[in-house]
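The following paragraphs offer a guided reading of a protein model, moving from one helix to the interior and then to the cysteines. Please keep the sequence and the structure in view while reading.

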Amino acid sequence: MAELPGLDLSRLADHLDRVVPGLRAGPLCGELLPGGRSNLTYAVTDGRSRWVVRRPPLGHVLATAHDMGREYRVMRALAPTTVPVPEMVHLCPDPAVLGAPFYLMAHMPGRAYREPAELAGVGSGGVRALFLALVDVLAELHAVDPAGVGLADFGRPEGFTGRQVRRWKRQLDASRSRDLPGIEELHDRLAAAVPETRSGVILHGDFRLDNVLVGGDRTVRAVLDWEMSTLGDPLTDLALFLVYAGRADLPGRPGDDELAARYVARSGRRVDGLDWYLAFAAFKLAVILEGVHYRWVHGQTVGSGFDGVGARVPPLVAQGLTRIRRL
């Protein structure tokens with residue numbers, strides 16, 4: 001069994017034989033999947049079946065981040081709903097097995113579009129259909145009753161937006177490796193104008209194109225990467241999706257107004273006051289990418305493509321300031 005950074009296949013095989021006897025039919029082999037900038041994701045097979053292993057990154061891990069148990073729990077809870085998620089196989093909270101908690105899920109067919117250039121062959125009509133489908137899935141997620149799927153205690157909706165501003169400021173302070181002009185002003189303006197949380201829905205927390213698997217018919221086959229899921233204000237999910245979508249200049253991609261209108265039509269929710277949420281989304285994404293940059297600077301990333309992450313942070317700060325100054 002060839003070993004991978006962060007994944008000892010021999011130890012994984014022994015563990016699975018103990019806790020899920022009969023699951024594997026032979027020796028395991030695997031590969032690190034591309035695209036992960038936070039948790040590490042591996043494809044594993046025994047030659048007959050295929051699975052996916054998720055574990056936290058190596059090294060610098062922020063408090064409250066990279067919670068494998070939350071990812072596993074929310075996807076398992078959503079399995080009987082219309083929200084497409086992979087089948088959960090096993091959760092291991094014991095770090096003694098692989099050096100960190102991890103979970104195993106079934107491999108799902110579909111393609112992850114990591115970069116805008118990968119959509120070139122889809123065509124403008126396909127791009128349009130795909131982004132509208134993403135909004136529809138987000139509306140379906142927000143329509144799920146948390147208590148009805150066993151997630152009533154999955155978060156604290158009261159005061160959610162204010163806690164989010166404080167949380168991501170703490171994450172920023174824990175990942176500082178350079179000066180970021182404007183980010184303190186952005187935080188201060190957000191903190192001074194926090195809206196009341198409108199309702200407590202199940203949030204994905206990082207909903208975007210490259211966190212889903214897409215079928216050949218441009219439908220969403222699975223929503224992945226639930227590490228930041230919780231209960232909270234639905235507009236935080238919508239705004240982050242819009243900020244992500246706006247970073248890609250793609251022929252056929254609907255504009256923010258059309259995507260927001262689609263969400264309103266599918267969800268029945270209001271989206272007034274969206275500028276604050278868009279500013280917060282830019283701040284949150286800037287902090288996430290700064291954490292990735294911090295790990296890359298300190299040699300704690302696995303794989304390629306991390307060297308350019310830091311350059312994406314200042315434009316997000318500027319974008320957030322533009323939005324928040326409109327209030």
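In this predicted model, helix H1 spans residues 9-19, and its buried residues are Leu-9, Leu-12, Ala-13, His-15 and Leu-16. Viewed down the axis of H1, these buried residues fall within an arc of 165°, so they line one face of the helix. Their packing partners are strand S1 (29-32), strand S2 (40-45), strand S3 (50-55), strand S4 (88-92) and strand S5 (102-106). At the N-terminal end, H1 is capped by Asp-8, which places a side-chain oxygen 3.1 Å from the backbone nitrogen of Ser-10.

The interior may be considered next. The largest nonpolar core contains 83 residues, and those touching the most other members are Leu-78, Phe-131, Leu-190, Ile-202, Leu-209, Trp-226 and Phe-283. Helix H8 (residues 274-297) supplies the largest share of this core, 14 residues. Both domain 1 (9-106) and domain 2 (111-325) contribute at least three residues each to this core. Leu-78, leaving aside its neighbours within four places in sequence, is in contact with Val-83, Val-85, Leu-141, Val-144, Ile-202 and Trp-226. A second, separate core comprises 18 residues, including Leu-7, Val-44, Val-97 and Phe-102.

The cysteines remain to be examined. How many disulfides does a search of the whole structure find? The search returns 0. As for individual cysteines, is Cys-92 buried or exposed? Cys-92 has a relative accessible area of 3% and is therefore buried, since buried means under 20%. Cys-29, by contrast, is partly exposed, with a relative accessible area of 44%.

Technical notes
Residues numbered from 1 in each chain as written. Predicted model: local features only at pLDDT ≥ 70, side-chain atom pairs only at ≥ 80, totals over all residues. Heavy atoms only, no water. Buried < 20%, exposed > 50% of the residue type's maximum accessible area, 1.4 Å probe, protein only. Helix = DSSP H or I, 4+ residues; strand = E, 2+ residues; numbered from the N terminus. Arc of directions from axis to C-beta. Contact = heavy atoms within 4.5 Å. Polar contact = N/O pair within 3.5 Å; in protein donor to acceptor, adjacent residues only side chain to side chain. Core = buried A, V, L, I, M, F, W, Y, C linked by side-chain atoms within 4.5 Å. Domains from an automatic or database assignment. Disulfide = S-S within 2.5 Å.
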